[in-house]
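Dear colleague,

I am passing on the structure we spoke about, and below it I have written out what I found when going through it. Please read the notes with the structure open beside you.

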Amino acid sequence: MFEQTDPNQIQLNSEGQLKHYLTTEGLSRELLTEILDTADSFVDMSAQQVKKVPLLRGKTVVNLFFEASTRTLSTFELAAKRLSADVLNLNISTSSTSKGETLKDTLMTLEAMHSDMFVVRHSDSGAAHFIAQHVTPDVAVINAGDGRHAHPTQAMLDMLTIRRHKGDFAPLVVAIVGDILHSRVARSQIHALRTLGAAEVRVIAPQTLLPKHIEALGVRVFTDMNEGLKDVDVVMMLRLQKERMTSALLPSESEFFKLYGLSEEKLALAKPDAVVMHPGPINRGVEIESVVADGPRSLILDQVTNGIAVRMAVMSMSMSGQTTEKQARLGNGE
Amino acid sequence: MSQLMNIQIKGGRVIDPAQSLDKVSDLYISQGKIIALGDAPEGFEADQTIDASGKVVSPGLIDLCGHLREPGYTHKGNIASETEAAVAGGITSVVTPPTTKPIVDNPAVVELIKDRAERANLAKVLPMGALTKGLQGEQLAPLHALASSGCVAFTNGRHANASSLALTRCLEYAATHDLLVIFQPQDESLTNKGCMHDDTTCTRLGLNGIPESAETIEVSRNLLLVEQTGVRAHFGQLSAERSVRMVMDARERGLPVTADVAIQHFLLTDENVNGFDSNFHLIPPLRSQLDRAGLRQALLAEGIQAICSDHQPHDRAAKEAPFASTEPGIIGFETLLPLSLLLVNQGLMEISQIIDKLATQPAKILGLESGSLEVGRAADICIFDPEEKWSLTAETTRSEGSNTPFMNFELKGRVSHTLIDGQLVYQL
């Protein structure tokens, strides 16, 4: 009874360019490819002596982390600095928000400092959408992970890593293995892989770690890893949180490893040239065997390098989309 | 003084399902009661005449669930503000849950609510009492004393009794005094901090899901214990088709059970949550399209006796946060009738059937005198234009809250007059 507009359109300006980066869902193949192409150019640049470009010179980027994460925070910081932005890192523990200050209060305070971009990590699904809906115009919002919903920079650094090793997505069979239920990474990977045209996306997990009707996202579901890994080109492992053991989702780490951990033996079921990825940090011996994580088919360190490039890409594209929209608005005499 | 006024309601289409009445007729009120339909009684002189031509004259609506927020949560709403919203929606009686602060588990709180309601002098406020002390599910609340001071029914709200033994004893005690028990079924462990129906949209949004079984398991346990204890029971705000089927089956077996569903559950589904709009954050959650279709069918098949608003005003901050961190519930007093009429406009049912669900049946469930326009009854009356188009806005709503997805939505059907005990308490 209400007109259902695609809520992910909020990411785009009137020209169809990125102005926020909240989720990979609903973005076109052209746009995702543009992110990859832009990131590719930054990867090459990072290998050079001078690693900085002036794309965000004079802009202030606020890393607004409501959930602690040293790794993601530092790659975003580095990405912003390589774009010549001024960076402010704010670790806002949930205890300070429980003092009565609402997320909206926090946001208004930061806006008064004339920030140009918020990079947000929050434990609530939809937090980045909420912030994008409530920030003043011209401020870009980049989602650095919201609840179980989306982690779009992680997904696109994974896509970049895949493309740099495999080229075209069309023939690829990709398996995502582990705790799909609690994973924002998995959801963002699935949308990106589907849009980029991967031949088949599989999820492999016990039923306790699968969200309801996950097949509706266009994936094939396997509960048996040996079956699910057959003829796979890319194996994407997910991190398993220890607390899953105490909430009756799994009996033990060792049983999980036995059934869903990536060992050399299981990897042998995939294609001979299959590559292995993991968003980190790794639980060695829980979701992946050390010999696989450190082996020749592991792309885990490439993922980290590509992460900086992808973050530079979405930050510069979103800022540029905001600028275009601002100019259009000023041109209209507003 | 105005209570003693003689009022003539002229030329309206009088619909009273309790008398199977649906005809254009005049209606006469004196001493707060309906004294005649059709021709004026001899010697009747109207102090006031209300022209109801082109409008429907129906019994005042009886809402089986509306949160007034007082005492304890007056930053969200209060008895005066919310009953003002109620009468603007044609609602003359509101049943209120015991989840105030303090909880309605002793007669003093009932007295306080009654006192505030009397001072507001708008809709009749009918408190539900807590079934157990503090809604803890352990110790029996003083049901008899609460009933004597004015509680019309008893509930443990959404806090299901952890102990089936304690629940059984509560039901036995309520049965002893022939008290009505209202279940708002929700299994806490299965709800598990969930905030929406566990299905495809939930999976995509990465929110915590509430499975249908969180409701059906409680409905099933409650039905078995109703059968064992013989208590009169009502199920409030069901959301899943399967729950309604279970209650229907039980009725067919002769159990004294009834059910209501909030109007929004006949209109919306979990897919509306797409986009994280906190105005679609409801408990029980909006369920699937199949559930919505099933609820509509059950409404037609008399499996659902009443429609309620489940009115829940909130302060802005409670709704301005990421979805899962917002508080559930929407305001609904002023939209209850027009949204119910939407079911008429969609061809599902007749206006008289809607009035049956909004007034006649709720009165029956509660055992109230009102809910009918029979001569001799209290003149609790709602007059509305079923064709008038209008929109509720944040500026015009009488409620302290403005949390509803139906804000600025084009509604059809608008209340023009509300009378309680023959007193005009609302006029458009």
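Gly347(B), which comes just after helix 12 of chain B, takes a positive phi of about 80°; please keep in mind here and throughout that this is a predicted model. The helix that precedes Gly347(B) spans residues 336-345 of chain B and is mostly covered, with 9 of its 10 residues buried. Those buried residues are Leu336(B), Leu337(B), Pro338(B), Leu339(B), Ser340(B), Leu341(B), Leu342(B), Leu343(B) and Val344(B).

Elsewhere in chain B, Thr100(B) sits in the loop that runs between strand 7 (91-96) and helix 2 (107-120). Thr100(B) counts as buried because its relative accessibility is 8%, where the cut-off is under 20%. Its side chain reaches the backbone oxygen of Pro102(B) at 2.8 Å, and, if neighbours within four places in sequence are left aside, Thr100(B) is in contact with Glu70(B), Pro71(B), Tyr73(B) and Val109(B).

In chain A, I looked at how helix 2 (residues 70-82) packs with helix 12 (residues 300-331): their axes are 8 Å apart and make an angle of about 60°, so the two helices are oblique to each other. The crossing of these two helices of chain A is right-handed. On the helix 2 side, Thr72(A), Thr75(A), Phe76(A), Leu78(A), Ala79(A), Ala80(A) and Arg82(A) meet Ile308(A), Arg311(A), Met312(A) and Met315(A) of helix 12. Sorted by class, that contact has 7 nonpolar, 2 polar and 2 charged residues.

With best wishes

Conventions
Residues numbered from 1 in each chain as written. Chains lettered and ligands numbered in written order. Predicted model: local features only at pLDDT ≥ 70, side-chain atom pairs only at ≥ 80, totals over all residues. Heavy atoms only, no water. Helix = DSSP H or I, 4+ residues; strand = E, 2+ residues; numbered from the N terminus. Buried < 20%, exposed > 50% of the residue type's maximum accessible area, 1.4 Å probe, protein only. Polar contact = N/O pair within 3.5 Å; in protein donor to acceptor, adjacent residues only side chain to side chain. Contact = heavy atoms within 4.5 Å. Axes fitted to C-alpha atoms, helices over the stretch in contact; angles between N-to-C directions. Parallel < 35°, antiparallel > 145°, perpendicular 65-115°, else oblique. Left-handed = near helix turned anticlockwise from the far one by under 90°. Nonpolar A, V, L, I, M, F, W, Y, C, P; charged D, E, K, R; others polar.
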